Amino acid sequence: MIGWMRHQKHALTSALRRLRAQPVATLLTALAMGVAISLPSGLYLMLDNLNRLAGDLPAQPEISLFLDAGISPAQNQAIAARLKQPDIAQARHVPKDEALAALSSAQDLSDITAGLTENPLPDAWVVRPKAHAREELTRISESLGKLPGVAETHLDSQWAERLQAALSIGRTGVWMLAGLFAIALVAISGNAIRAQVLVRRDEIQVSRLIGATDRYIRRPFIYLGALQGLLGGLAAGGVLALAGWQLHTPVEHLANLYGSAFRLLPPSSSEIAVVLGLTTLFGWLGAWISVTRALRQVESTR
Amino acid sequence: MISFSQVTKRYPGGHEALSNINLTIEQGELVFLIGHSGAGKSTLLKLIAAIERPTSGALTVSGQNISRLSHRAVPYLRRNIGLVFQDHKLLFDRNVIENVVLPLDIAGFDRREALKRARAVIDKVGLLNREKANPISLSGGEQQRLCIARALVSRPALLLADEPTGNLDAGYAADIMAMFRDFHQVGTTLVIATHDDRAITALGGRILRLEHGKVEEVTA
């Protein structure tokens, strides 16, 4: 166990020494990885911000509640009480006269409405639920529709649904891109490590002759790959920070023009940790594949 | 310690380096392998260190059957064998002491203990004042002594040397051979392949002549 720890430490320090010994190669590899990773993570950040923007917009989903013509005052009160429940953000009563007046003025239908002998519109409530999720909205809408005295409910969630659909395509795109760039990351790491193995061929052969196990030989290279992946993740962070810094002011300006307090938000620390963890993992994986293959070749040409 | 029983080694392409060898080397023996180049001296040493595997026959080293030794077990066998090469096989990206400490690092020694042992063995081969030097700045004889130091640092019971004095002038060669005699006196088993007659007569020891893949005892 102590020997194992010693080997890990030895491999880590030797990997660090190798990274430091070739600053330019290290930097270039980290940059290549960073650019590759910054694409999917940048897109993710963009969607994240868009999603937040969608939540902020005043065009929230509304449920219209149309009441029976012959509704009793008791039923009316029961509905009003139901609409004071905590899942409802806001509810506004629209008497049929007001609705007709709004219709005549807003839609310029005064000619038609003037010809009506009686008001064909029902009394209504316009309800704004607290929830935004579609399932939740549907559930609330259905439960309201079952109240006695309610003739019909109409869930105006098209806008929200369309946006959600667009965002979900975006999210699928992010995952596809992330998958592709993870493969790219493994390839970049594997290639860098393969070059390292070939450079250190002599060392590998000598180490084998004096009793090194494959694991011992592989270990520093794998650490090297993992560290390189971590550096790549940090480089991606740098690229995104730069982009965010550049975009911050224009976005703020645009939001102000729309009278919105919307601001770009940076990723959370757990999101950063996940990206760094994944890049380290893929750097490690690329190194492992590459060094295992390369060791087999070194062996066969002995 | 080492036992060959009807061992044959044939290389791909059909060249038979060793044919039907029977040979036993006891613990603590000093053995010289002679014969001109291509006679199979290097092959014999490579078989003992499991660098090559026998084509047929049984070879036992320190109680381990080399023909059946698994790939994973080879490193542990080699940690008990010191190897000295004609071309030294030193690493020029690190200094003298780092070269010597490498086998101990591989075996998982504590760093401070490893450095202490490395320094002791470097002292023994007379390179203590060159400890921080890069091996490339050493003379041929010094490089060979460094290679020997690396082979001995893990205190192996068996030392194999392939033409250890091959590239050296007489003075250096005598030094190296004297060093081997000292190790023999403290109980190390040594197998030395050489075509250097000067060395053999000076040291005594058992002499085996290899010719056309066959081995025979030479009585001096």
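This passage describes the sheet, helices and nonpolar cores of a predicted model.

The model is predicted, and local features were accepted at a pLDDT of at least 70, side-chain atom pairs at pLDDT 80 or more, whereas totals for chains, interfaces and linings use all residues. Residues are numbered from 1 along each chain as its sequence is written, and chains are lettered from A, and ligands numbered from 1, in the order in which they are written.

Helices (H or I, at least four residues) and strands (E, at least two) were taken as DSSP runs numbered from the N terminus, and two strands were treated as paired where DSSP finds at least two bridges between them. In chain B, four strands in the order β2-β1-β4-β5 form an open sheet with antiparallel pairing. The edges are occupied by β2 and β5 (64-65) of chain B, each of which has a single partner strand, so one side of each is left without a neighbour in the sheet. Between β1(B) and β4 (residues 56-61) of chain B, which run antiparallel, there are five bridges, and B:T8 stands opposite B:S56 in β4(B). Helix α1 (residues 41-48) of chain B lies across β1, β2 and β4 of that chain and runs at about 120° to β1(B), where axes are lines fitted to C-alpha atoms, for helices over the stretch in contact, and angles between N-to-C directions run from 0 to 180 degrees.

Two strand residues have a backbone feature that deserves separate mention. Most residues other than glycine have a negative phi. B:Q6, in strand β1 (residues 2-10) of chain B, nevertheless has a positive phi of about 50° although it is not a glycine, and B:N20, in strand β2 (residues 16-25) of chain B, has a positive phi near 55°. A residue is called buried if 20 or more other C-beta atoms, placed from the backbone, lie within 10 Å of its own, exposed if 12 or fewer do, and partly exposed in between. B:Q6 is partly exposed, with 13 other C-beta atoms within 10 Å, and B:N20 is partly exposed with 15.

A nonpolar core is a set of buried Ala, Val, Leu, Ile, Met, Phe, Trp, Tyr and Cys residues joined through C-beta atoms within 7 Å. The largest such core has 67 residues, of which B:I48, B:V84, B:V100, B:A118, B:I122, B:A149 and B:L160 touch the most other members. Helix α3 (residues 96-106) of chain B gives the most to this core, with seven residues. When neighbours within four places in sequence are left aside, B:V100 is in contact (C-beta atoms, placed from the backbone, within 7 Å) with B:A118, B:V121, B:I122, B:A149, B:R150 and B:V153. Apart from the largest core lies another, of 32 residues, among them A:L45, A:I188, A:L224 and A:W284.

Helix α6 (residues 170-185) of chain B has 16 residues and reaches 23 Å from its first C-alpha to its last, close to the 22 Å expected at 1.5 Å a residue, the expected span being 1.5 Å times one less than the number of residues. B:A173, B:I176, B:F180 and B:H184 are buried in α6(B). Seen down the helix axis, the buried residues of α6(B) fall within an arc of 90°, so they line one face; the arc is that of the directions from the axis to the C-beta atoms. The face turned away from the buried side carries the exposed residues B:G171, B:A178, B:D182 and B:Q185.

How values were computed. Two residues are in contact if their C-beta atoms, placed from the backbone, lie within 7 Å.
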